[in-house]
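Q: Could you take a close look at one part of this model for me? I'd like to hear about the surface, and then how the rest fits around that.

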Amino acid sequence: MSAEKLPFLLPVVFTIGPCVDDHERLVKYAKLLSHHERDSHDVKDIAQGVIEGETCVLAASMTMEEIFKGTN
């Protein structure tokens, strides 16, 4: 929902990965992925929850005009 509480569909694409310039963050990312089995949905569920939450926070702070600015 937008800041005006209007629902809308927001097509987005996210690329998720570690910050490779920070060794500590890279190690944390590798540990997170290495503790899960290949068939596990844990990492997917964590990433999806973070993406959905951050997207809602971002969209809620924007007006409809800001959301659709630059689209024709």
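A: Start with the nonpolar patch on the surface: Leu10, Val12, Phe14 and Ile16 make it up, and together they offer about 350 Å² of accessible area. Keep in mind that this is a predicted model. Take Leu10, one of the patch residues: you'll find Leu10 in the segment before α1, the helix that covers 23-34. Leu10 has a relative accessible area of 38%, so it counts as partly exposed.

Now for the charged side chains. Side chains of opposite charge can pair when their charged atoms come close. The structure has two salt bridges. One joins Arg25 to Asp22, with 3.5 Å between the closest N and O atoms. Arg25 is exposed, at 51% relative accessible area, while Asp22 is partly exposed, at 28%. Since the cut-off for exposed is over 50%, Arg25 makes it into that class because its value is 51%.

The other pairs Lys28 with Glu24, at 3.8 Å from N to O. Both of these residues sit in helix α1, four residues apart, which is about one turn of the helix. Lys28 and Glu24 are both exposed, too.

How far should you trust all this? The chain's mean pLDDT is 79, and 83% of its residues come in at 70 or more. Confidence is highest in helix α2 (residues 42-60), with a mean of 84, and lowest in helix α3 (residues 64-68), with a mean of 81.

Definitions and conventions: Residues numbered from 1 in each chain as written. Predicted model: local features only at pLDDT ≥ 70, side-chain atom pairs only at ≥ 80, totals over all residues. Heavy atoms only, no water. Patch = residues over 30% accessible without salt bridge, like charges linked within 9 Å, V, L, I, M, F, W, Y side chains within 5 Å. Areas by Shrake-Rupley, 256 points an atom, 1.4 Å probe, with all protein chains shown as cover. Salt bridge = Lys/Arg side-chain N within 4 Å of Asp/Glu carboxyl O. Helix = DSSP H or I, 4+ residues; strand = E, 2+ residues; numbered from the N terminus. Buried < 20%, exposed > 50% of the residue type's maximum accessible area, 1.4 Å probe, protein only. pLDDT = per-residue confidence, 0-100.
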